[in-house]
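Work through these exercises with the model open beside you. Try each task before you read its solution.

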Amino acid sequence: MNETSRIMLWSTPKKALDPAKDFQPYMNAYLLNDGAEHGAVIVFPGGGYSVKMMTYEGEDVALKFNELGFHAFVVDYRCGMDAYPFPAPQEDAFRAVKLVRGHAKEWNVIPDRIATCGFSAGGHLCCSTAVWFREIKADNGDEYDAVSARPDAVIPCYAVVSAFASDHPHTGSFNNLLNTAKPKEADLHRLACNEHVKPDSPPAFIWHTASDQVVPYENATLFAAAYRKQGVPFELHLYPYGPHGLGIGTQDQFAEVRSWPALCAEFLNNLSR
């Protein structure tokens, strides 16, 4: 059984480029109420850095991780053309990590077992937390500023990683993130997460489908290759079939994808041994 509540990420709303799009980011907490300490998974739904799929890439994922013995949080982060370009979504992601870790005792979260999980563009946000936990500040002028923003693991799910991932790369998410239809190549490299993996990046559980026609599977293999080069532990699952946006795998036609949450839970639990 779990308890759900809404937690604002910042003490005040954040101003958008277009004042009509001002938004106050928050996260929904799905806390197990059994009185025991558990690891936590912070979920970033996808949506091209334009919208967020808060149900099948958000709440459904949180409830599945609850079933597997984890507290879960779903972040409604800032994004959108003419609204919140880079690094606004990343600031929200790191702030979420700080808050979960900062409230670990109160929420019965094990403070060194906090993972981030993201889908599609939310997967890029997840990968961002693996590589820019020092560079991007998420300060609010409170006691949580001093808390580490580095997650203990990352879970990129059919993630956008690089605009150079294949001969037919996915670029729309980067256009929205950079607030331009014609981003500079240097800026795209700056946001290619595989190019910024470091030896102290957190371990990664990575999965994708080979038949994804929206975000090519090479995004996953590039990220895994970067992890291998840096000597950071990772697990990679490449399912042969399935379209983009499968979430936890509710479509009977692609039922094999349903194995990823349990495999991920095993990966996370093994990290703590």
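**Exercise 1. Strand β4**

Task: Decide how many residues of strand β4 (residues 71–76) are buried, and say what follows for its surroundings.

Solution:
- This is a predicted model.
- Apply the cut-off: buried means under 20% relative accessible area.
- Take one side of β4 and find His71, Phe73 and Val75, which are buried.
- Turn to the other side, where Ala72, Val74 and Asp76 are buried too.
- Both faces of β4 are therefore covered.
- Six of the six residues are buried, so β4 is largely enclosed by the rest of the structure.

**Exercise 2. Partners of β4**

Task: Find which strands are joined to β4, and in which sense each pair runs, parallel or antiparallel.

Solution:
- Start with strand β2 (residues 26–32), which is joined to β4 by five bridges.
- β2 and β4 run antiparallel.
- One pair to locate is Tyr26 in its bridge with Asp76 of β4.
- Go on to strand β3 (residues 38–44), joined to β4 by four bridges.
- β3 and β4 run parallel.
- Here Ile42 stands opposite Phe73 of β4.
- Now trace the path from β3 through helix α1 (residues 55–67) to β4: a β-α-β unit, and a right-handed one.

**Exercise 3. Helix α2 and the loop before it**

Task: Compare the expected span of helix α2 (residues 88–102) with the distance between its end C-alpha atoms.

Solution:
- Count 15 residues in α2.
- The rule is 1.5 Å times one less than the number of residues.
- The expected span is 21 Å, and the end C-alpha atoms are 21 Å apart, which agrees.
- Check the cover of α2: 13 of its 15 residues are buried, so the helix is mostly covered.
- Step back to the loop between β4 and α2, where Pro87 sits.
- The peptide bond from Phe86 to Pro87 is cis, with omega near 10 degrees.

**Exercise 4. The largest pocket**

Task: State which residues line the largest pocket, and which element gives the largest share of the lining.

Solution:
- The volume of the largest pocket is about 170 Å³.
- Its lining consists of Ala40, Phe70, Asp112, Arg113, Ile114, Ala115, Asp152, Ala153, Pro203, Leu268, Leu271 and Ser272.
- Sort these by element: β5 (109–119) and α8 (260–271) each supply at least two residues.
- The largest share, four residues, comes from β5.
- Sort by class: eight residues are nonpolar, one is polar and three are charged.

**Exercise 5. The largest cavity**

Task: Find how many cavities of 30 Å³ or more there are, and describe the lining of the largest cavity.

Solution:
- The idea behind the search is general: rolling a probe the size of a water molecule over the atoms shows where empty space is left.
- The count is one cavity of 30 Å³ or more.
- The largest cavity has a volume of about 30 Å³.
- Pro156, Cys157, Tyr158, Ala159, Val161, Ile206, Trp207, His208, Asn219, Ala220 and Phe223 form its lining.
- β6 (153–157), β7 (204–209) and α7 (218–230) are the elements that give two or more residues to this lining.
- By class, nine lining residues are nonpolar and two are polar, with no charged residue.

**Exercise 6. Positive phi outside glycine**

Task: Locate Tyr49 and Tyr158 and decide whether each is buried or exposed.

Solution:
- Tyr49 sits in the loop between β3 and α1.
- Its phi is near 55 degrees, a positive value in a residue other than glycine.
- At 1% relative accessibility, Tyr49 is buried.
- Tyr158 sits in the loop between β6 and α5 (172–178).
- Phi of Tyr158 is near 35 degrees, again positive in a residue other than glycine.
- Tyr158 has a relative accessible area of 2%, so this residue is buried.

**Exercise 7. Sequence against space**

Task: For Val160 with Phe174, and for Val131 with His196, set the separation in sequence beside the C-alpha distance.

Solution:
- Val160 lies in the loop between β6 and α5.
- With a relative accessible area of 1%, Val160 is buried.
- Val160 and Phe174 are 14 residues apart in sequence, and their C-alpha atoms are 8.9 Å apart.
- Val131 belongs to helix α4 (residues 121–131).
- Val131 is buried, at a relative accessible area of 0%.
- Val131 and His196 are 65 residues apart in sequence, with 5.8 Å from C-alpha to C-alpha.

Technical notes. Residues numbered from 1 in each chain as written. Predicted model: local features only at pLDDT ≥ 70, side-chain atom pairs only at ≥ 80, totals over all residues. Heavy atoms only, no water. 1 Å grid on protein atoms, 1.4 Å probe; cavity = no way out; pocket = protein on both sides within 12 Å on 5 of 7 lines; lining within 4 Å. Points joined across faces, edges and corners; volume = space filled by probe spheres on them. Nonpolar A, V, L, I, M, F, W, Y, C, P; charged D, E, K, R; others polar. Buried < 20%, exposed > 50% of the residue type's maximum accessible area, 1.4 Å probe, protein only. Pairing = 2+ DSSP bridges. Right-handed = clockwise from strand over helix to strand, strands pointing away.
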